[in-house]
Amino acid sequence: MNRFGLTIAVPRGALLRETLDLLDLLEVDTAEVRANDRKLLFDDAGIVTMRPSDVPTYVEAGAADIGITGKDVLMEQSERSVFELLDLGFGTCTMVLASVDEEPDPAAEALRRLGVVRVATKYPRIAADFFERSGRQAEIVEVKGSVELAPLTGLVEAIVDLTATGTTLRENRLVVREEIAVATARLIANPVAHKLKAEAIDEVLERLRER
Amino acid sequence: MIHPIPSGTRDVLPDEMRELRAITETLRGVFERHGYGEVYTPAIEYESVLHRAPGSSVSPAYRVFDDHGDVLALRSDMTVPIARLVATRYPTADPPLRLCYIAHAYRAVRPHRGQMREFLQAGIELIGAPGPSGTAEALTVLCGALDAVGLSGYRVGLGDAALYPNLMAAFDVPEEARARMLEELGRKDLVGLEREVRELRLPDDAAELLVRVPQLRGGADVLGAEEGPVAAAVGNLRDVLDLLAPNVAERVIFDLGLARGLGYYSGAVFDVYDPALGAPLGGGGRYDDLLGRFGRDLPAVGFAIGVDRLHAALSGEEHAGL
């Protein structure tokens, strides 16, 4: 276990490296995690690794005391009972509405002619909220893999997806039409741990704020 | 043959039932010893009656039309039905009234989240006893009940539902921003709360208090330094603490950011935490305005313990060797 006595849920994938750098600052030993990308549970460091979208699940249930994940994940799972404590400022991505790069915009055209647009996404809740808030009707199609494929094959007229540099969108002849939200990495805590391990969690917060 | 039951409901088989029954019998015994008489109310009530309670999150999730076209609803807690019962059955009885219950309530669930649609609650309502003495009595019964079933590691987080609204009022936060800030607080989104506060462009010390107060939690020392707009609520909490016997007081941690989801809480609120469980296993608070909505204007306080959660916490403690 680490010096804080906290089990920490660490996201594998795009946020992993900066998360581990952050834990180094906190003097949590991340050497074993860096050396081993198959192992999931690191008892000595008090670290469990998982997909970013699973972090709120483990933290809400108390299987981890604190965790790091993207704001996009937290927005999509907004009903999770976890404390969102700190914007860590890294892993910046933008949630966008994109469609095929042609004129007129196929999404706008669908809304004009049919009054409804078909939208593929891995984030059905965020997409549905976005269209509802802006008073437009959308049929949300949830996909698990490469969202960019959906408008190219005629499955949908638009996509809602997360983009960091826009390269994947450009390579697939897609163009950003609207920005929905900016997402960064967040520190979250289990609601019971937040009360019963208050000192340890506040020390982590303090040190991360001062960095 | 396999026959399904709705998600969020479950069958209880004899081994578990014996354990659950042992817990509820113990809880009932403690409630009775403190002078709380058990009541049972119908699981279905007129929706129009339940809706007299303020606060959207208490609104029932399951409704049916009866043969007259009236809307019936499954209760989502026992507090509102008991407020109805007191106003109707005891319109003139001298307060305080002490009532307890062990009954099921029903709430909507999201699929695949392990949430229960039907759950068993054990709790009390103390009606006509104003705070802080009424609050202290409720906390005493709560800790007595948890001690009696053998839960060892629990803490009771104590806060005040009026604290943050008063703080916002003291700094003249605009009405529409207050609603958004309470929503962020209710969602436990302290990043969002801080963003809202920054957008208000208040003087530094005001902004600092609005951001920091919800994060204050711990022993009596967190109450120490607070002056000005939060002094009244903090004074109330301190008064409650002063009335508690040492064995109850040592269970209490202060939690100035505690925001229970239900809309009818008016003063002291509390949640029960146990290290063996990832979610609060129960909680309660003061609802001094609720009974008035039913025509019997009395201050009141109560709590509910989730029996299944208490059972899980006991098993968890046993497993951890506590």
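This report describes a sheet, the domains, one residue and the chain contact of a predicted model.

**The sheet in chain B**

In chain B, three strands come together as an open sheet whose order is E2-E4-E3, and the pairing within this sheet is antiparallel. The edges are taken by strand E2 (44–46) and strand E3 (63–65) of chain B, each of which pairs on one side only. From one strand to the next, the twist averages 35°. Strand E2 of chain B is joined to strand E4 (residues 71–74) of chain B over three bridges, in the antiparallel sense, and within this part of the sheet B:Tyr46 stands opposite B:Leu72, a residue of E4(B).

**The domains of chain B**

The domain assignment divides chain B into domain 1, which is made up of the segments 14–42, 94–104, 116–161 and 217–319, and domain 2, which covers 168–215. Taken over C-alpha atoms, the centres of domain 1 of chain B and domain 2 of chain B are separated by 27 Å. Where the two domains touch, six residues of domain 1 of chain B and six residues of domain 2 of chain B take part in the contact.

**The contact between the chains**

Chain B brings 17 residues into contact with 18 residues of chain A. On the side of chain B that touches chain A, at least two residues are supplied by each of strand E7 (155–160), helix H7 (190–199), strand E8 (217–218) and strand E9 (252–255) of chain B.

The residue classes of two contacting sides are set out below.

| Side | Nonpolar | Polar | Charged |
|---|---|---|---|
| Domain 1 of chain B, touching domain 2 of chain B | four residues | two residues | no residues |
| Chain B, touching chain A | eight residues | three residues | six residues |

**A residue of chain A**

In chain A, the residue A:Glu18 has its place in helix H1 (residues 16–25). Is A:Glu18 buried or exposed, or does it fall in between? A:Glu18 is partly exposed, because 15 other C-beta atoms lie within 10 Å of its own, whereas a buried residue would have 20 or more and an exposed one 12 or fewer. When its neighbours within four places in sequence are left aside, A:Glu18 is in contact with A:Phe90 and A:Gly91. A:Glu18 and A:Ala185 are 167 residues apart in sequence, while the distance between them in space, from C-alpha to C-alpha, is 9.6 Å.

Technical notes:
Residues numbered from 1 in each chain as written. Chains lettered and ligands numbered in written order. Predicted model: local features only at pLDDT ≥ 70, side-chain atom pairs only at ≥ 80, totals over all residues. Pairing = 2+ DSSP bridges. Helix = DSSP H or I, 4+ residues; strand = E, 2+ residues; numbered from the N terminus. Axes fitted to C-alpha atoms, helices over the stretch in contact; angles between N-to-C directions. Domains from an automatic or database assignment. Contact = placed C-beta atoms within 7 Å. Nonpolar A, V, L, I, M, F, W, Y, C, P; charged D, E, K, R; others polar.
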